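User: Please take a close look at one part of this model, the small sheet, and then set it against the way the chains meet. A connected account would be most useful.

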4 protein chains.
Amino acid sequence: MKRKRMRSDIAWSAPDRITVKNRDLCNDILGKLSLGDMAFLELTDRTPTAQESAVFNAIAVTLVEHGLTPSALATRLTYAGAPEAMQAAVAAGLCGLGSVFVGSMETAARMLQEALPQPDPGIDLQPIARRLVAECRARQEIIGGIGHTLHKPVDPRAPRLFEIARANGLHGPYCRLMTLIAEEAQHAYGKSLPVNATGAIGAIACELGLPWRIVRGVGVMARAIGLVGHILEEMRDPLAYEMKARTEDEATQHLRSGARG
Amino acid sequence: MKRKRMRSDIAWSAPDRITVKNRDLCNDILGKLSLGDMAFLELTDRTPTAQESAVFNAIAVTLVEHGLTPSALATRLTYAGAPEAMQAAVAAGLCGLGSVFVGSMETAARMLQEALPQPDPGIDLQPIARRLVAECRARQEIIGGIGHTLHKPVDPRAPRLFEIARANGLHGPYCRLMTLIAEEAQHAYGKSLPVNATGAIGAIACELGLPWRIVRGVGVMARAIGLVGHILEEMRDPLAYEMKARTEDEATQHLRSGARG
Amino acid sequence: MKRKRMRSDIAWSAPDRITVKNRDLCNDILGKLSLGDMAFLELTDRTPTAQESAVFNAIAVTLVEHGLTPSALATRLTYAGAPEAMQAAVAAGLCGLGSVFVGSMETAARMLQEALPQPDPGIDLQPIARRLVAECRARQEIIGGIGHTLHKPVDPRAPRLFEIARANGLHGPYCRLMTLIAEEAQHAYGKSLPVNATGAIGAIACELGLPWRIVRGVGVMARAIGLVGHILEEMRDPLAYEMKARTEDEATQHLRSGARG
Amino acid sequence: MKRKRMRSDIAWSAPDRITVKNRDLCNDILGKLSLGDMAFLELTDRTPTAQESAVFNAIAVTLVEHGLTPSALATRLTYAGAPEAMQAAVAAGLCGLGSVFVGSMETAARMLQEALPQPDPGIDLQPIARRLVAECRARQEIIGGIGHTLHKPVDPRAPRLFEIARANGLHGPYCRLMTLIAEEAQHAYGKSLPVNATGAIGAIACELGLPWRIVRGVGVMARAIGLVGHILEEMRDPLAYEMKARTEDEATQHLRSGARG
């Protein structure tokens with residue numbers, strides 16, 4: 001009962017060669033592509049130009065490490081229970097990269113791509129920005145990619161990423177539209193709501209031609225790198241048990257004292 | 001009840017700056033470090049030299065993509081059930097990177113580091129290789145990092161990776177010892193057992209100073225990149241359901257026909 | 001910097017006793033509560049009546065095993081790569097219990113609870129059902145919990161679960177509303193769309209007082225049991241590698257034959 | 001290229017019926033088997049006797065809830081980041097059920113089954129216990145299933161579980177051997193090392209005929225239930241963010257104060 005041909009164009013192996021994305025792994029990739037460029041190849045089926053490489057690596061690097069996030073703590077707690085299965089500790093940390101954190105990158109990229117499916121160089125972006133902000137307000141939705149609870153007045157990563165994009169000729173209509181959306185939102189809500197890191201990354205991902213549905217994946221792959229770093233620190237200077245002990249102690253104190261009374 | 005100070009040196013954020021590994025993310029890292037070099041920084045607390053960068057990126061790139069592995073299929077099946085949670089699909093794929101696959105890299109690196117805790121340049125590696133092979137034989141253990149079921153007579157990635165290491169001045173005692181182990185094993189077992197990709201990666205990781213306990217992590221972070229690539233292909237040209245339907249159909253045929261009888 | 005008291009009422013341990021949900025584990029729970037009743041206690045903070053126990057166990061049991069689902073295959077593939085970490089194989093399988101599969105249970109329960117926040121015994125359910133179906137049609141949304149691609153004309157689990165609910169005095173307004181929705185949908189769409197297993201489970205979960213946000217959790221806990229069963233079969237009679245080999249072989253055939261030409 | 005027949009005996013579905021373990025799900029299982037008995041069926045291919053049911057449910061129930069474990073905290077942190085993917089939060093928590101926690105159950109069951117592959121009723125268990133303890137001491141291995149850091153002088157779950165086993169005629173040679181091992185260890189190490197919960201569960205799992213390789217699975221399935229309970233509490237009274245904020249604040253204080261100086 002074959003209903004459909006199964007097909008994958010990614011890779012295959014023969015005894016004497018491995019082919020990845022139509023390239024010979026040993027001769028055309030190893031020693032020639034960096035890890036970031038290999039990631040770009042996975043996402044676009046082509047190697048990046050020098051400019052694309054600079055910009056793609058910058059957005060991916062931004063997403064590697066955010067310190068002791070819930071995700072990093074989940075990885076460390078998991079490692080504490082199963083040090084023989086480090087891969088499962090990284091997996092546990094990745095599981096939390098959902099709507100609350102990396103999701104806003106996807107939301108921003110989706111909004112931009114749906115508003116500009118074919119970015120025409122002569123298009124007037126201002127009315128599009130105004131409409132998007134008005135629509136979000138009407139639906140009482142949060143606009144993805146602007147404002148930040150900690151980084152005030154401005155998330156320093158956003159202007160830096162836009163600067164790198166500009167220096168590489170990749171600050172195009174999606175980046176401009178994202179900036180206009182932030183300006184319109186400031187007018188509409190009467191408070192400063194500058195583009196944040198996820199907004200800049202979402203916009204730059206659009207410039208690089210990544211479909212919005214895979215944009216979250218850049219965050220997932222980058223964070224996997226950071227989570228391995230947290231495991232290494234947890235091996236050397238663990239904090240998971242101490243955090244667990246203190247949390248348990250405080251959170252169940254009312255039960256214990258009741259029992260003693 | 002504080003028993004221990006919790007401490008992390010990895011990163012922290014102030015409103016106007018993010019510090020990662022004692023560097024200012026915006027000014028010292030973004031636009032300056034590639035994704036692979038950022039991974040090296042996570043693992044070693046320093047930026048790589050140009051030579052270390054070339055070699056580290058090469059081993060990481062080798063691990064990104066192995067085609068339709070059990071891990072990639074687990075990711076695709078998971079994505080089919082929860083397309084709204086791509087991060088969980090990558091996590092599912094990573095969960096299988098255990099003893100059977102990436103584990104051999106760790107085994108090889110451990111063997112090499114335990115045999116050469118302080119690699120003295122004048123050390124005679126031959127007797128060490130002989131002893132290691134003899135010990136593995138006596139314990140009836142498989143020697144990690146040599147031989148391959150598909151890549152015969154030789155895994156083409158291993159000589160290529162050693163070549164890149166040599167070109168960058170990083171083919172040192174661990175690489176030589178790994179090669180000697182393969183030669184001794186050939187003598188001992190009477191069949192060709194050349195160094196394979198995981199053996200070369202394990203040895204090169206030792207040259208780069210990575211502790212063996214974290215070596216598996218290089219495979220985990222690299223494969224996360226490849227798994228995002230599989231999700232992208234699964235979005236566009238899915239195979240998970242077809243694979244599932246055929247497997248179910250064949251595997252339960254005896255139950256169905258019994259029921260009809 | 002304490003912003004908020006952390007508190008958990010679930011469990012605590014003293015040297016001589018363990019307290020779970022305000023009960024002494026050894027004297028009040030072990031030997032007195034079955035696994036299903038313990039699950040009910042976790043979800044409702046009380047032990048079930050005999051009737052609730054019968055009904056809750058029935059819906060949970062329904063969700064344990066669906067054969068070679070994508071989820072079960074992800075578990076088996078993961079186990080093949082990391083047999084030393086069975087817990088990660090179960091985790092991989094659970095990761096796929098998203099919107100496509102168990103999600104419909106949650107959708108049905110949410111629809112019912114939002115339509116009937118306080119189920120008044122005298123309420124006329126017919127117009128509510130009509131309105132819900134009309135609203136779903138207007139939004140072009142699929143109505144959760146009705147129809148089935150395989151189980152035709154009727155999913156046999158749904159009438160059986162409603163029968164068990166009725167026999168235990170728990171076939172109330174949510175079950176009736178679910179049935180009326182199916183009837184209205186049949187009128188509206190002109191085809192048979194009877195309540196399916198997830199619709200019946202969603203409705204019964206409402207009768208038991210479970211908040212819709214946790215209803216998916218009944219599927220997750222139940223399926224964890226089934227996935228352990230798949231690991232046991234995979235240990236004894238593996239199919240993961242064979243499935244992988246065949247899939248890879250077919251899916252990359254076009255690459256291989258091109259290479260040979 | 002078919003190398004091997006794929007086969008699964010667990011379940012299959014026809015339009016009008018679902019068959020699980022050779023039973024009709026609707027008529028033979030639903031309303032007849034409780035969740036715990038369904039789990040027993042998954043693990044043994046048969047329904048339990050009343051005695052087996054009582055004992056199996058007791059060991060499974062013991063494993064459901066241990067309060068704010070690292071595993072429960074990983075689930076809560078993951079839920080905080082991806083509340084739309086509850087299944088991934090449970091998965092994250094399960095990933096940590098490795099060698100440190102549930103592993104000791106597996107170690108105890110393995111030791112018992114390897115020592116008593118065919119439990120002969122007339123066998124003298126004392127010398128076996130003595131040998132096992134002597135061997136562990138010689139290898140400087142920890143003996144699984146005895147002693148406890150918190151529950152002193154005795155883990156109250158162990159005698160309670162043995163009591164339930166005895167009341168149901170299932171306190172056989174494995175339970176006796178486990179107890180003798182604890183007594184021998186007390187002699188050998190000169191301190192009280194009574195059977196703990198994992199030792200009792202491991203021994204009882206042997207009495208029930210579960211192969212040691214699947215014993216960890218009882219813990220995995222049971223804990224999945226408890227983790228859903230933690231998600232429900234986290235929905236209502238979250239602690240993940242507060243725990244994260246405090247941990248981050250303390251752990252990076254040295255970095256912040258250095259930066260200010």
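Analyst: In this predicted model, β1(A) runs antiparallel to strand β2 (residues 17–20) of chain A, and four bridges join the pair. The two strands make a hairpin, with two residues lying between β1(A) and β2(A). Individual partners can be named along this pairing. A:Trp12 faces A:Thr19 of β2(A), and A:Ser13 has A:Ile18 in β2(A) as its bridge partner. In a regular strand the side chains alternate between the two faces of the sheet.

The hairpin belongs to an open sheet of three strands in chain A, ordered β1-β2-β3, with antiparallel pairing. At its edges lie β1 (11–14) and β3 (23–24) of chain A, each of which pairs on one side only.

From the sheet, the account turns to the contacts between chains, beginning with chain A and chain B. Each of these chains brings 86 residues to the contact: 86 residues from chain A and 86 residues from chain B. The area buried between chain A and chain B comes to about 7500 Å², and carbon and sulfur atoms give 68% of that area. Charged pairing is also present, with two salt bridges counted between chain A and chain B. In one salt bridge, B:Asp237 is joined to A:Lys4, with 3.7 Å between the closest N and O atoms. There are also 21 residue pairs in polar contact between chain A and chain B, counted where both residues are at pLDDT 80 or more. On the side of chain A that touches chain B, helix α11 (residues 212–236) of chain A provides the largest share, 17 residues. By residue class, that side of chain A consists of 48 nonpolar, 15 polar and 23 charged residues.

The arrangement of these two chains can also be described by symmetry. Chain A is superposed on chain B by a rotation of 180° with 0.0 Å of shift along its axis, at an RMSD of 0.0 Å. The two copies are therefore related as by a two-fold rotation axis. Within chain A, A:Ala91 has the C-alpha nearest the axis, at 2.1 Å from it. The interface residues agree across the pair: 100% of those in chain A are also interface residues in chain B, so the copies meet through the same surface.

Chain A also meets chain D. Here the contact takes 30 residues from chain A and 30 residues from chain D. About 2500 Å² is buried between chain A and chain D, with 67% of the area given by carbon and sulfur atoms. Two salt bridges are found across the interface of chain A and chain D. In a salt bridge between these chains, the side chains of D:Arg246 and A:Glu250 come together at 2.5 Å, N to O. Polar contact across the interface of chain A and chain D involves eight residue pairs, with both residues at pLDDT 80 or more. Helices α4 (70–81), α5 (86–94) and α12 (240–251) of chain A each give at least two residues to the side of chain A that touches chain D. The most comes from α12(A), with eight residues. That side of chain A divides into 17 nonpolar, seven polar and six charged residues.

Terms used
Residues numbered from 1 in each chain as written. Chains lettered and ligands numbered in written order. Predicted model: local features only at pLDDT ≥ 70, side-chain atom pairs only at ≥ 80, totals over all residues. Heavy atoms only, no water. Contact = heavy atoms within 4.5 Å. Buried area = accessible area lost by both parts, 1.4 Å probe. Salt bridge = Lys/Arg side-chain N within 4 Å of Asp/Glu carboxyl O. Polar contact = N/O pair within 3.5 Å; in protein donor to acceptor, adjacent residues only side chain to side chain. Nonpolar A, V, L, I, M, F, W, Y, C, P; charged D, E, K, R; others polar. Least-squares fit on C-alpha atoms with pLDDT ≥ 70 in both. Pairing = 2+ DSSP bridges.
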